[in-house]
Amino acid sequence: MLAASQLLRSLQLERHFPTMCCAIAYGSGVFPQQTDTASASDTTPLIDLLFVVEDAVSWHRDNLNKNRRHYSGLRLFGPEVIARVQQGYGAQLYYHTNVAVAGRRVKYGVVTRRDLVNDLLCWRHLYAAGRLQ
């Protein structure tokens, strides 16, 4: 299994996605897990990513232009509505699941830097903070 930094480089995120503050890789697709060999599947695990962005509306606008198929039917309402859903409900993250990137299956969440820092400092939701433990 590749180290997290090598894995992120191999995905060539800057080629596939709009500019972001940073990308964080986490989960069983990045860090080896102890599993029962009888129940372990032969498939490559999904890579979990968290994209930290400055402005949700701008980022979703750019991502809709690059990766329209990553979005559910919510894409029909535009980036402003997507950002409103992201920032107005739950843990202020918007996830795209089971997406192909550079030949790998990924799940990526989008969070603004402000909301991530708030979660890390104030433990408002503990969702993003929990991904980083």
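The questions below concern strand pairing and an internal cavity in a predicted model.

Q: Why do strands S2 and S4 count as paired?
A: Two strands pair if at least two bridges are found between them, and 7 bridges join S2 (residues 47–53) to S4 (residues 104–112), so S2 and S4 meet the criterion as a parallel pair. Within this pairing, Asp48 stands opposite Lys107 in S4.

Q: What makes S3 and S4 a pair, and in which sense do they run?
A: Strand S3 (residues 94–101) and S4 share 6 bridges in the antiparallel sense, and because at least two bridges are required, they too are paired. Tyr95 has Gly109 of S4 as its bridge partner, while the hairpin of S3 and S4 has 2 residues between the strands, and Ala102 there adopts a positive phi near 50°.

Q: Why is the enclosed space in this model called a cavity?
A: A cavity is a set of points where a 1.4 Å probe fits but cannot get out, and the structure holds 1 such space of 30 Å³ or more; the largest cavity has a volume of about 60 Å³.

Q: How do you know that Asp115 and Leu116 belong to the lining of the largest cavity?
A: Lining residues have an atom within 4 Å of a cavity point, and both Asp115 and Leu116 are listed for the largest cavity, together with others including Gln92, Val111 and His125. Helix H5 (residues 113–122) contributes the most to this lining, with 4 residues.

Q: What makes the lining of the largest cavity mixed in class?
A: The lining of the largest cavity has 5 nonpolar residues alongside 3 polar and 3 charged ones; Leu93 counts as nonpolar and Arg124 as charged.

Notes: Residues are numbered from 1 along each chain as its sequence is written. This is a predicted model: local features need pLDDT of at least 70, side-chain atom pairs count only at pLDDT 80 or more; totals for chains, interfaces and linings use all residues. Side-chain values use heavy atoms; hydrogens and water are left out. On a 1 Å grid over the protein atoms alone, a cavity is a set of points where a 1.4 Å probe fits but cannot get out, and a pocket is an open set with protein on both sides within 12 Å along at least five of seven lines; lining residues have an atom within 4 Å of a point. Grid points are joined across faces, edges and corners, and a volume is the space filled by probe spheres set on the points.
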